[in-house]
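This report describes the fold and the charged contacts of one protein chain. The sequence and the model are shown first, and the description follows.

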Amino acid sequence: MSEIDFKNRLIFGNIFVKKDDSFILLNLLSFRRMHLSKQELEMLFACKTKLAQGEELTKEEDNLYSSLLSKKQIICDDLRTRFIESKAKEHEEKLNCITHRISHITITPTFSCNFKCQYCYQREFQSKNEHLCPDAIDNICSAIQLINGTEDYCDGITEVVINGGEPLQAHNIATINRIIEHFAKPGIKLTLFTNGYNILKFKDEVDFSKFSAVQVSLDNVDPFTSEINGVNYPVFQEVLAGLAYLKKFDHELTIVAMFTRELLANIDEFIEGLDSIGVLDSDRCQININPIAAFGKSTLDETFFTIDEFIDARRSIKL
């Protein structure tokens, strides 16, 4: 009787796994499975050796092999060929139903940022002094055109997102303008993700009216921005001024805040600041205050709120 070859766990299209004092046999085509004793598995290996060498099986071996064939645990060559051909046809039909066209694009001009937010998952990449040059946007358009098989790279494109890092930095402006040039078209939603600090700084270099939507991160009032955003300069009023500038373009405007205890302690001042620039009265603006979460390594305490505390705090803000 042949010994069990634990290095080669494949036998007659089945893989076997030891479980306690028996073995589980799993067919890799049909996924049928059954338990075999150690003696039965040894006998099956003997069948494999003898059949390969053209030798006759014993009655006991033939009974086991025939039983596994009848139960389709072992699939005969003819049936296996038909099964594979059937599956190949099925996969081909499914693949033909899948569209390979690109419709949504996210472009990250850089991972660097003028903030060092404690919760940001990209902080570990900030040391990389890398950014996309404007020519890279031309290459992206050529790739889209090739993949989508269209004469116009914009055909089928419905949304383009610019994120970072922080996109609104001096070394990204030419690239952002190239993105606007290529994708600020009817039928395409062009969205900018930013911390908002440099909106006014670059208002004469970037045509913000071309964006369909802007998402701005704003986590607290000063001086508490330094603790979560990792900067030693005022942020709140500068971002509010940028938001006020954006508001005149009637964008979809989303303000995202990380919900810390410090924000809750200063929530009245935070809401009053937003109210002062009129975003609370606009149906084109929304404020998302999210549970505290650190993406990657962070010094933030993520246990600021119990569930009940969080619900109560959200209710107070809603009121």
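Strand E2 and strand E3 (residues 22-27) pair in the antiparallel sense, with 6 bridges between them. The model discussed here is a predicted one. Within this pairing, lysine 19 has serine 22 of E3 as its bridge partner. E2 and E3 form a hairpin with 2 residues between the strands, and aspartate 20 in the turn has a positive phi of about 60 degrees.

Strand E3 also pairs with strand E4 (residues 33-37), again in the antiparallel sense, over 5 bridges. Here leucine 25 stands opposite methionine 34 of E4. The hairpin of E3 and E4 has 5 residues between its strands, and phenylalanine 31 takes a positive phi near 65 degrees in that hairpin.

Isoleucine 15 belongs to strand E2, which covers residues 14-19. Is isoleucine 15 buried or exposed? Its relative accessibility is 31%, so isoleucine 15 counts as partly exposed. Together with Leu10 and Leu28, Ile15 makes a nonpolar surface patch of about 220 Å².

**The parallel sheet**

An open sheet of 6 strands follows the order E5-E6-E7-E8-E9-E10, and its pairing is parallel. Strand E5 (104-107) and strand E10 (285-291) each have a single partner strand, so one side of each is left without a neighbour in the sheet. On average, and with direction ignored, neighbouring strands of this sheet are turned by 15 degrees against each other. Strands of a sheet pair through backbone hydrogen bonds, either parallel or antiparallel.

Inside the sheet, strand E8 (residues 213-217) is joined to strand E9 (residues 252-259) by 5 bridges, and the two run parallel. Valine 214 stands opposite leucine 253 of E9. Which helix packs on the sheet and touches E5? Helix H5 (residues 173-183) does so, and H5 also touches strand E6 (159-162) and strand E7 (189-194). The direction of H5 makes about 175 degrees with that of E6.

**Salt bridges**

The whole structure contains 11 salt bridges. Side chains of opposite charge can pair when their charged atoms come close. The table lists some of these pairs with the distance from N to O.

| Basic residue | Acidic residue | N to O distance |
|---|---|---|
| Lysine 87 | Glutamate 90 | 3.6 Å |
| Arginine 178 | Aspartate 135 | 3.9 Å |
| Arginine 178 | Glutamate 181 | 3.9 Å |

Lysine 87 and glutamate 90 lie in helix H3 (residues 77-97); because they are 3 residues apart there, about one helical turn separates them. Lysine 87 has a relative accessibility of 33% and therefore counts as partly exposed. Glutamate 90, at 28% relative accessibility, likewise counts as partly exposed.

The side chains of aspartate 135 and arginine 178 also meet in a salt bridge. This pair links distant parts of the chain: aspartate 135 is in helix H4 (residues 134-148) and arginine 178 is in helix H5, 43 residues apart. Aspartate 135 counts as partly exposed because its relative accessibility is 46%. Arginine 178, with 21% relative accessibility, is also classed as partly exposed; residues count as buried only under 20% relative accessible area.

Arginine 178 has a further salt-bridge partner in glutamate 181. Both of these residues lie in helix H5, 3 residues apart, which is about one turn of the helix. Which residues are linked in a network of salt bridges? The network links Asp135, Asp138, Arg178 and Glu181. Helix H5, which packs on the parallel sheet, thus carries two members of the network, Arg178 and Glu181.

**The chain as a whole**

The protein chain has 10 helices and 10 strands. It comprises 319 residues, of which 39% count as buried. Its exposed surface is about 18200 Å², and carbon and sulfur atoms supply 51% of that area. Among contacts between residues at least 6 apart in sequence, 68% join residues at least 24 apart.

Notes:
Residues numbered from 1 in each chain as written. Predicted model: local features only at pLDDT ≥ 70, side-chain atom pairs only at ≥ 80, totals over all residues. Heavy atoms only, no water. Pairing = 2+ DSSP bridges. Helix = DSSP H or I, 4+ residues; strand = E, 2+ residues; numbered from the N terminus. Axes fitted to C-alpha atoms, helices over the stretch in contact; angles between N-to-C directions. Contact = heavy atoms within 4.5 Å. Patch = residues over 30% accessible without salt bridge, like charges linked within 9 Å, V, L, I, M, F, W, Y side chains within 5 Å. Areas by Shrake-Rupley, 256 points an atom, 1.4 Å probe, with all protein chains shown as cover. Salt bridge = Lys/Arg side-chain N within 4 Å of Asp/Glu carboxyl O. Buried < 20%, exposed > 50% of the residue type's maximum accessible area, 1.4 Å probe, protein only.
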